Amino acid sequence: MDSEALHERIGAHLRADDPRLRQAAARQAAAVAWEPDQERYLASALADAAGREDDPAALAAELDALPAVEPALDDLALQRLAGLRTDSPVVAALLARAARLQIAGPAEPVGDGTRVVVRCVRGIPHTGLPLRTRDGAWVVLQRIEFYGKAVDRLDPGCSGRVLLSGHGARELAEWDCLDAEPGAREHVPGLRSADPRARRRAAEGIADRPDAWAPEVGRYLCGALARAAVRETDHDALESQLKALLCLYAFLAPPAYALLRTLDRGALPEALRPCLDGLLAAQAPDAVR
């Protein structure tokens, strides 16, 4: 079955009455490197399914599948996920990565930190979370106060007073936004850019910190890199994509391997053939497949 028919069948099964079908569909959704439009469809379908799920096993599968379509989760889907009553570490990490705070008052220096009123407009930030300013500087969310009481997180739509560390916080102005590490949400769109230089930079960004990715995100990124590689026409960008895959080889799963095997080794520049050979010879640990 081609991916066009498969993603529609998965979407239908996520709405099925049988929880076993919903569970199997979620697992299928996590196992394929999707086209962008299919990914957006499945991201919405998984968030909808999780929001109404009453079967524990099916819910676990739906939540575990979300990182495979993470960059396609729009604000509405993230809002649905934030409203779930779940202690899933997968969802907590996903909502932290998507976190965005908007400055709602003047920044006030407090010792080595900066205190400011913020509103959470997306995701769920928590204490200790690094955030990036509009100028690219990093700050850390050291403390959150909600109605004068210290809390460890701030839910979407809520306002609170926060203490930030980092020099970039001193330059914040009202309406500025702070974003959590965007990770896959930032890099994957670059792999689909029309500019080969942007595709190369995106691959290099993924490879720059291979140990930072959670297994499920690493697997998604490998799928995105493999999808980009099989379509790549620029040799420099292809080299960056294959080298990024080598850096993340521990996350390689069957869908990415299947894509890489479609590459015509004989048509590759000679310098890139060892990269492809190394990838196809790599064995990903069962824990991340």
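A residue here is buried when its relative accessible area is under 20%, exposed when that area is over 50%, and partly exposed in between. Keep that scale in mind while looking through this structure, which is a predicted model.

**The two cysteines**

Let's start with Cys247, which has 40% relative accessibility and so counts as partly exposed. Cys275, on the other hand, is buried, with a relative accessible area of 10%. Do they pair up? A disulfide needs two cysteine sulfur atoms within 2.5 Å, and by this rule the count comes to zero disulfides. Cys247 is in no disulfide, and its nearest cysteine sulfur, that of Cys275, sits 9.9 Å away. Seen from the other end, Cys275 is in no disulfide either, with the sulfur of Cys247 as its nearest at 9.9 Å.

**Helix α5**

Now turn to helix α5, residues 75-82, where the buried residues are Ala77, Leu78, Leu81 and Ala82. Looking down the axis of α5, these buried residues fall within an arc of 140°, so they line one face of the helix. What do they pack against? The partners of the buried α5 residues are α3 (36-52), α6 (89-97), β3 (113-122) and α7 (184-191).

**Pockets**

Two pockets deserve a look, and the table puts them side by side.

| Pocket | Volume | Lining by class |
|---|---|---|
| Largest | about 370 Å³ | 15 nonpolar, two polar, eight charged residues |
| Second largest | about 210 Å³ | seven nonpolar, three polar, three charged residues |

The largest pocket has a volume of about 370 Å³. It is lined by 25 residues, and the closest to its centre are Arg192, Gly223, Ala224, Arg227 and Ala228. Elements giving two or more residues to this lining are α3, α7, α9 (215-231) and α11 (254-260). Which of them gives the most? That is α9, with seven residues.

As for the second largest pocket, about 210 Å³ of space lies in it. Its lining has 13 residues, of which Thr86, Ala92, Leu95, Ile124 and Arg153 are the closest to the centre. Here the elements that give two or more residues are α5 and α6, and α6 supplies the largest share, three residues.

Some elements turn up in more than one part of this picture. Helix α5 packs its buried residues against α6, among others, and α5 and α6 both help line the second largest pocket. Likewise, α3 and α7 are among the packing partners of the buried α5 residues, and α3 and α7 also give residues to the lining of the largest pocket.

Notes. Residues are numbered from 1 along each chain as its sequence is written. This is a predicted model: local features need pLDDT of at least 70, side-chain atom pairs count only at pLDDT 80 or more; totals for chains, interfaces and linings use all residues. Side-chain values use heavy atoms; hydrogens and water are left out. Buried means under 20% relative accessible area, exposed over 50%, partly exposed in between (1.4 Å probe, protein chains only). Helices (H or I, at least four residues) and strands (E, at least two) are DSSP runs, numbered from the N terminus. The arc is that of the directions from the helix axis to the C-beta atoms. Contact means heavy atoms within 4.5 Å. On a 1 Å grid over the protein atoms alone, a cavity is a set of points where a 1.4 Å probe fits but cannot get out, and a pocket is an open set with protein on both sides within 12 Å along at least five of seven lines; lining residues have an atom within 4 Å of a point. Grid points are joined across faces, edges and corners, and a volume is the space filled by probe spheres set on the points. Ala, Val, Leu, Ile, Met, Phe, Trp, Tyr, Cys and Pro count as nonpolar, Asp, Glu, Lys and Arg as charged, and the others, Gly among them, as polar.
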